[in-house]
Amino acid sequence: MKKIAILTSGGDAPGMNAAIRAVVRTAIYHHLDVVGVIRGYNGLIQGDMKPMDLASVSDIIHRGGTILYSARSKEFKTEEGQKKAVQQLKNAGVDGLVVIGGDGSFRGAQKLSQLGIKTIGIPGTIDNDISCTDYTIGFDTVVNTVLDAISKIRDTSSSHERTNIIEVMGRNCGDIALYAGLAGGAEAIIVPEKGFDIEAVCKKILQGKARGKRHSIVLLAEGEGNAYDVGKHIQQKTGIETRATILGYIQRGGSPSAFDRILASKMGSMAVELLLDDKTSRVICIRNNHYVDIDIDEALSMKKQFNDNFYELSQILSI
């Protein structure tokens, strides 16, 4: 192992830059050359790479997004595109590749590994929908971003005695809504894993009003509905003025939390160590506060487990 490459793929997540920094600095510490692939798999096919040194990753640990950028690539989904990517890596003299991203990014890494490229995956996605790891890079930061929004929206909701539906990201995974809703004291949390009964939600809101509560907050995961539609139904059934807030891409930005910076730093450094140990087709995970690596095939075959205990706790605490 003399030269490695690193790329970020899929949606950006706070902490990706901290992972890039850890990969580059650990590699240099072990006397390896490093190149950064620009714009993910699309850039890899085009051979868009640049040498990286200590200065390349100076002053980025606190920055959101990814300095290597990210882009979708339809061509990489084809066998021809994958072979082009492999050839570009060989032309650049790359011996191993670190991929930071979500499940789609890992499938790309899986294909490259099958074609003879040593690959290590690092889970970077705000959705926390990678089944093999308790937490993904970016998740903790987005939960805190949503929590800050809840606090601000609660102020105005209380002033006007309204119900507010807050729609958050997560695709078909409800973890952002669950964790932020639990931490923010939401009256109801609506997630794809559990579905929802509009009558039960309205009943809880009306019970709160009856005991003098001036506002209600409902957290809605994007995979389970639209905030405006849900808000319209709640207003019709309760008679309480209801507003909808879709947080959107504000959730992706911002400086990563301390947890995400540490998570990214450890995973980035571990990725290089795995390549030095001649390992390939591995994904780094954190489980029960321990960092482990598992086979990428196993990682992609695992089913995401929803935290039922947290969901039940949120139900108890929101009576």
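**Entry 1: the loop before α5**

I started with aspartate 127, which I found in the loop between β5 (118–123) and α5. This is a predicted model, so I'm reading a computed structure here. Is aspartate 127 buried or exposed? Its relative accessibility is 5%, and because buried means under 20%, aspartate 127 counts as buried. Next I looked up what aspartate 127 touches, leaving aside neighbours within four places in sequence. My list reads Met169, Gly170, Arg171, Cys173, Asp175 and Ile176.

Then I checked asparagine 128, which also lies in the loop between β5 and α5. At 0% relative accessibility, asparagine 128 counts as buried. Its backbone caught my eye: phi is positive, about 60 degrees, although asparagine 128 is not a glycine. I made a note on that, because most residues other than glycine have a negative phi.

**Entry 2: another positive phi**

Arginine 39 went on the list too, with a positive phi of about 65 degrees although it is not a glycine. Where does arginine 39 sit? I found it in the loop between β2 (33–37) and α2. Arginine 39 counts as partly exposed, at 39% relative accessibility.

**Entry 3: aromatic rings**

I searched the whole structure for aromatic pairs and got six. I looked at tyrosine 41 and phenylalanine 76: the ring centres are 4.1 Å apart and the planes are at 10 degrees, so this pair is stacked. Planes have to be under 30 degrees apart to count as stacked. What does this pair link? It links distant parts of the chain, with tyrosine 41 in helix α2 (residues 40–46) and phenylalanine 76 in the loop between β3 (49–51) and α3 (79–91). The two residues are 35 residues apart. I checked burial as well: tyrosine 41 is buried, and so is phenylalanine 76.

Tyrosine 135 and phenylalanine 139 came next. Their ring centres are 6.3 Å apart and their planes are at 20 degrees, so that pair is stacked. Burial splits the two: tyrosine 135 is partly exposed, with a relative accessible area of 29%, whereas phenylalanine 139 is buried, with a relative accessible area of 2%. Which residues do ring pairs join into a cluster? I wrote down Tyr135, Phe139, Tyr179, Phe259 and Phe310.

One more ring to note: lysine 266 lies over the face of tyrosine 291, at 6.0 Å from the ring centre.

**Entry 4: α5 against α6**

Phe139 turned up again when I went through helix packing, this time among the α5 residues in contact with α6. Helix α5 covers residues 139–160 and helix α6 covers residues 175–184. Their axes come within 9 Å and cross at roughly 50 degrees, so I put α5 and α6 down as oblique to each other. The crossing of α5 past α6 is right-handed. Which residues make the contact? From α5 I have Phe139, Val142, Val143, Val146, Leu147, Ile150 and Arg154. From α6 I have Asp175, Ile176, Tyr179, Ala180, Ala183 and Gly184. Asp175 and Ile176 were already in my notes, as contacts of aspartate 127.

**Entry 5: α7, α8 and valine 230**

I did the same for helix α7 (residues 198–210) and α8, whose axes come within 10 Å and cross at roughly 60 degrees. That makes α7 oblique to α8, and the crossing is right-handed. On the α7 side, the contact is made by Ile198, Glu199, Val201, Cys202, Ile205 and Leu206. On the α8 side, I listed His233, Ile234, Lys237 and Thr238.

While I was there I picked out valine 230, which lies in helix α8 (residues 227–238). Valine 230 is buried, with a relative accessible area of 5%. What does valine 230 touch, not counting residues up to four places away in sequence? I found Ile165, Ile190, Phe196 and Leu220. I also took a distance: valine 230 and glutamate 167 are 63 residues apart in sequence and 9.9 Å apart in space, C-alpha to C-alpha.

**Entry 6: glutamate 298**

Last lookup: glutamate 298, found in helix α10 (residues 296–301). Is glutamate 298 buried or partly exposed? Partly exposed, with a relative accessible area of 41%. I took its distance to tyrosine 41 from C-alpha to C-alpha and got 22 Å in space. In sequence, glutamate 298 and tyrosine 41 are 257 residues apart.

Methods:
Residues numbered from 1 in each chain as written. Predicted model: local features only at pLDDT ≥ 70, side-chain atom pairs only at ≥ 80, totals over all residues. Heavy atoms only, no water. Phe/Tyr/Trp six-rings, centres within 6.5 Å; stacked < 30°, edge-to-face > 60°. Helix = DSSP H or I, 4+ residues; strand = E, 2+ residues; numbered from the N terminus. Buried < 20%, exposed > 50% of the residue type's maximum accessible area, 1.4 Å probe, protein only. Lys NZ or Arg CZ within 6 Å of the ring centre and 35° of its normal. Axes fitted to C-alpha atoms, helices over the stretch in contact; angles between N-to-C directions. Parallel < 35°, antiparallel > 145°, perpendicular 65-115°, else oblique. Left-handed = near helix turned anticlockwise from the far one by under 90°. Contact = heavy atoms within 4.5 Å.
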